[in-house]
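Colleague: I have a list of labels for this model and would like the reasoning behind each one. Can we go through them in turn?

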Amino acid sequence: SAIKQISIAKGFDPRDFTLVAYGGAGPMHAAFIAEELEMGRILVPLGPGNFAAFGSLISDIRHDHVLTRTLHTRRNTFADVQAVFAKLEAQGRADLLAEGVPARDIAMRRALGMRYLGQSWELEVELPPEAAGMEAIEAAFGQVHERRFGHRSAAPAEIVNFKLAAIGTVASPELPAWPAGGRVEDAALGTRAVSFGGAFRAVPIYERTRLPVQGRLAGPAVIEESGSTTVVPPGWRLSVLAWGDLLLEREE
């Protein structure tokens, strides 16, 4: 249900995406959730149990600024929009500079909360960098509205909120390549009775840290590592990517 809220409810088909499974329990349940959503690909990153903590250490610095101000798309000008964002960007830039972020590493991302006249709720619309007029803003809103609700209108719209993300980019660490040698069989730890579809069967168990790059195996299988367990059900296959990530794909 949570995945549907961030995909289907926003006009996106989850079948067009790859499910990223992280957290200690994420890789254990991912394939079963993907099957319910008819998704065919799952990516299990390195150290999924520490994925969020690692991300907090390497992610960019970000300040979000929101200003409520109503502007009619056909009674106001693009210059009025630019003036509001100029004030927000000045504040966002000052905040990042105060944190020691060099000016060259500062980026701005603009978005608008918009709705058709008479509506009581708004949709978030990312403002295209090349937008140079109110027509472009209306077109961007129309695309978001059509993706979300399946239709758009030629009626005028209004801007309700101005949203700015002031981002200070940081250098990403160099991750070591995953070892390329060895065989999948060398990572085997034996078998264990595992229940799939209400019936127990002997399922091979593998140690993730010993799976080689480009190693492949077919489910059912269980991949163990410190902090997490990846379950590969029947009908799924697994391959090891260049940086050690696991890619699960559902067989046709």
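Modeller: Start with the cut-off for a salt bridge: a side-chain nitrogen of Lys or Arg within 4 Å of a carboxyl oxygen of Asp or Glu. Keep in mind that this is a predicted model.

Colleague: What makes arginine 183 and aspartate 186 a salt bridge?

Modeller: Their side chains meet at 3.2 Å, N to O. The limit is 4 Å, so the pair qualifies. A search of the whole structure finds 15 salt bridges.

Colleague: Why is arginine 183 called exposed, and what is aspartate 186 called?

Modeller: Arginine 183 has 51% relative accessibility. Exposed means over 50%, so arginine 183 counts as exposed. Aspartate 186 has a relative accessible area of 32%. Buried needs under 20%, so aspartate 186 falls in between, as partly exposed.

Colleague: How do you know that aspartate 64 and arginine 62 meet in a salt bridge?

Modeller: The N to O distance is 2.9 Å. That is within 4 Å, so the label holds. Arginine 62 is partly exposed, at 45% relative accessibility.

Colleague: What makes lysine 163 and glutamate 124 a pair that links distant parts of the chain?

Modeller: First the bridge: the side chains meet at 3.2 Å, N to O. Then the positions: lysine 163 is in strand S6 (residues 157-168) and glutamate 124 is in strand S5 (residues 123-126), 39 residues apart. Lysine 163 has a relative accessible area of 23%, glutamate 124 one of 47%. Both values lie between 20% and 50%, so each residue is called partly exposed.

Colleague: Which residues are linked in a network of salt bridges?

Modeller: Asp13, Arg15 and Glu38 are linked in that way.

Colleague: On to the rings. How many aromatic pairs does the structure hold?

Modeller: Five. One of them joins phenylalanine 12 and phenylalanine 17, with 6.0 Å centre to centre and 80° between the planes. Centres within 6.5 Å make a pair and planes over 60 degrees apart make it edge-to-face, so this pair earns both labels. Phenylalanine 12 is partly exposed at 30% relative accessibility. Phenylalanine 17 is partly exposed too, with a relative accessible area of 42%.

Colleague: Why is the pair of phenylalanine 85 and phenylalanine 162 called edge-to-face?

Modeller: The planes are 70° apart, and the centres 5.3 Å. Over 60 degrees is edge-to-face, so the name fits. Phenylalanine 85 lies in helix H4 (residues 78-98) and phenylalanine 162 in strand S6, so the pair ties together parts that are 77 residues apart in sequence. Both phenylalanines are buried.

Colleague: How do you know that the span of H4 is close to the expected one?

Modeller: H4 has 21 residues. From the first C-alpha to the last, H4 reaches 30 Å. The span expected at 1.5 Å a residue is 30 Å.

Colleague: What puts the buried residues of H4 on the same side?

Modeller: The buried residues are Phe78, Val81, Val84, Phe85, Leu88, Glu89, Gly92 and Leu96. They cover an arc of only 135° around the axis, which puts them on the same side of H4. In an α-helix, residues three or four places apart point the same way, because there are 3.6 residues a turn. The buried residues of H4 pack against strand S3 (61-72), strand S4 (106-116), helix H5 (134-149) and S6. Turned away from that side are the exposed residues Ala79, Lys87 and Ala98. Just after H4, glycine 100 takes a positive phi of about 90°.

Colleague: Which residues of S5 are on the covered face, and which on the uncovered one?

Modeller: Leu123 and Val125 are on the covered face, Glu124 and Glu126 on the uncovered one. Side chains in a regular strand alternate between the two faces of the sheet.

Colleague: What makes S4 and S5 paired strands?

Modeller: Four bridges join them, in the antiparallel sense. Two bridges are enough, so S4 and S5 count as paired. Glycine 113 stands opposite glutamate 124. The two strands form a hairpin with six residues between them, and glycine 118 in the turn has a positive phi of about 100°.

Colleague: Last one. Why are S1 and S9 called edge strands?

Modeller: Five strands form an open sheet in the order S1-S2-S13-S12-S9, with mixed pairing. Strand S1 (19-20) and strand S9 (216-218) each pair on one side only. S1 and S2 (residues 41-44) pair in the parallel sense over two bridges.

Definitions and conventions: Residues numbered from 1 in each chain as written. Heavy atoms only, no water. Buried < 20%, exposed > 50% of the residue type's maximum accessible area, 1.4 Å probe, protein only. Phe/Tyr/Trp six-rings, centres within 6.5 Å; stacked < 30°, edge-to-face > 60°. Expected span 1.5 Å × (residues − 1). Arc of directions from axis to C-beta. Contact = heavy atoms within 4.5 Å.
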